[in-house]
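Work through the exercises below with the sequence and the model open. Try each task before reading its solution.

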Amino acid sequence: MTVNAEQEILALEAQRCAAMLSADESALRRLFHDDLIFTHSSGLAETRAGFIGAIASGKYDYQRIEQTKERVRLYGDTALVSGQAAIDMNIDGTPRKLHVCYLAAWTRTEAGWKFVAWQSAGIPA
C-alpha cells in the first residue's frame, strides 16, 4: 500500500468522526456507502438510513471519538481500518462511555472512497 492511500483513508476516517460528532447529515451521506452496515458493540446492526437518522434525530449524540492503534490495510478497492476507540456519547439522553476495538471498511467507487461497514466489540475495563 502506498503512503498516500493510507493517509487518504485516515483522513476520511477523521472526516467521518467529525461528521458524526457534529451530526452533519450532508457529510455523512457523502461519506457513507448506500449499502453501509454499522454494527454497534451491542450487536445492533443498522443500515445507512437508520444510522444517519439516529444521529440526525439526536438519538445518538456523539461527544468524543478518539481512535488509537489504527492500522490500514488495502486490498484492491477495499481498505480495512482496525484499531481501538474511546467514545463518549449519549444514547437517548443516557451518557455512555465506550472503549471498543473495531474494524471499519471502505470501498473505492466511481465517486471515491465510501464507508461501507463498521463492526466493534467492547474492550473489558
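**Exercise 1. Count the salt bridges, then examine one within a helix.**
How many salt bridges does the structure hold?

Solution.
- Step 1. This is a predicted model. The structure holds seven salt bridges.
- Step 2. Take one of them. Glu25 and Arg29 meet through their side chains, with N to O at 3.6 Å. A salt bridge needs these atoms within 4 Å, and the pair is listed as one.
- Step 3. Place the pair. Both residues belong to helix α2, residues 25-31. They are four residues apart, so about one helical turn separates them.
- Step 4. Check exposure. Glu25 is partly exposed, with a relative accessible area of 36%. Arg29 is partly exposed too, at 40% relative accessibility.
- Step 5. Recall the general principle. Side chains of opposite charge can pair when their charged atoms come close.

**Exercise 2. Trace a network of salt bridges.**
Which residues are linked in a network with Asp88?

Solution.
- Step 1. Start with Arg64. Arg64 forms a salt bridge with Asp88, and their closest N and O atoms are 3.0 Å apart.
- Step 2. Locate both partners. Arg64 lies in strand β3, while Asp88 lies in strand β4, residues 78-91. The pair therefore ties together parts that are 24 residues apart in sequence.
- Step 3. Move on from Asp88. Its side chain also meets that of Lys97 in a salt bridge, at 3.4 Å from N to O.
- Step 4. Assemble the network. Salt bridges link Arg64, Glu66, Asp88 and Lys97.
- Step 5. Compare accessibility. Asp88 is buried, with a relative accessible area of 14%. Arg64 is partly exposed at 32%. Lys97 is exposed at 70%.

**Exercise 3. Investigate a charged residue without a salt bridge.**
What surrounds Lys114?

Solution.
- Step 1. Find the residue. Lys114 sits in strand β6.
- Step 2. Look for a charged partner. Lys114 is buried yet has no salt bridge. Asp34 is the nearest side chain of opposite charge, 7.6 Å away. The cut-off for a salt bridge is 4 Å.
- Step 3. Look for another polar partner. A polar atom of the Lys114 side chain lies 2.4 Å from the backbone oxygen of Arg30.
- Step 4. List the contacts, leaving out residues up to four places away in sequence. Lys114 touches Arg30, Leu31, Phe32, His33, Ala105, Trp106, Thr107 and Thr109.

**Exercise 4. Lay out the sheet.**
In what order do the strands run, and which of them form the edges?

Solution.
- Step 1. Read the order. The sheet is open and has six strands, arranged β2-β1-β6-β5-β4-β3, with mixed pairing.
- Step 2. Name the edges. Strands β2 (45-47) and β3 (60-75) each pair on one side only.
- Step 3. Note the turn. Neighbouring strands are turned by 20° against each other on average, direction ignored.
- Step 4. Take a parallel pair. Strand β1 (residues 32-39) pairs with strand β6 (residues 112-122) in the parallel sense, over four bridges. Thr39 stands opposite Gln119 in β6.
- Step 5. Add the helix. Helix α3 (residues 48-56) packs on the sheet and touches β1, β2 and β3. Its direction makes about 95° with that of β2.
- Step 6. Take an antiparallel pair. Strand β5 (residues 94-109) and β6 pair in the antiparallel sense over ten bridges. Here Arg108 stands opposite Trp113 in β6.
- Step 7. Connect that pair. A hairpin of two residues joins β5 to β6.

**Exercise 5. Examine two backbone angles.**
Where do Lys69 and Asp92 lie, and are they buried or exposed?

Solution.
- Step 1. Begin with the general expectation. Most residues other than glycine have a negative phi.
- Step 2. Turn to Lys69. This residue is not a glycine, yet has a positive phi of about 55°. Lys69 lies in strand β3. At 64% relative accessibility, Lys69 is exposed.
- Step 3. Turn to Asp92. Asp92 is not a glycine either, and has a positive phi of about 50°. Asp92 is found in the loop between β4 and β5. With 56% relative accessibility, Asp92 counts as exposed.

Note on methods:
Residues are numbered from 1 along each chain as its sequence is written. This is a predicted model: local features need pLDDT of at least 70, side-chain atom pairs count only at pLDDT 80 or more; totals for chains, interfaces and linings use all residues. Side-chain values use heavy atoms; hydrogens and water are left out. Two strands pair if DSSP finds at least two bridges between them. Axes are lines fitted to C-alpha atoms, for helices over the stretch in contact, and angles run from 0 to 180 degrees between N-to-C directions. Contact means heavy atoms within 4.5 Å. Buried means under 20% relative accessible area, exposed over 50%, partly exposed in between (1.4 Å probe, protein chains only). Lys and Arg count as positive and Asp and Glu as negative; His and the chain ends are not counted. A polar contact is a pair of N or O atoms within 3.5 Å; within protein, one must be able to donate a hydrogen and the other to accept it, and residues adjacent in sequence count only if both atoms are side-chain atoms.
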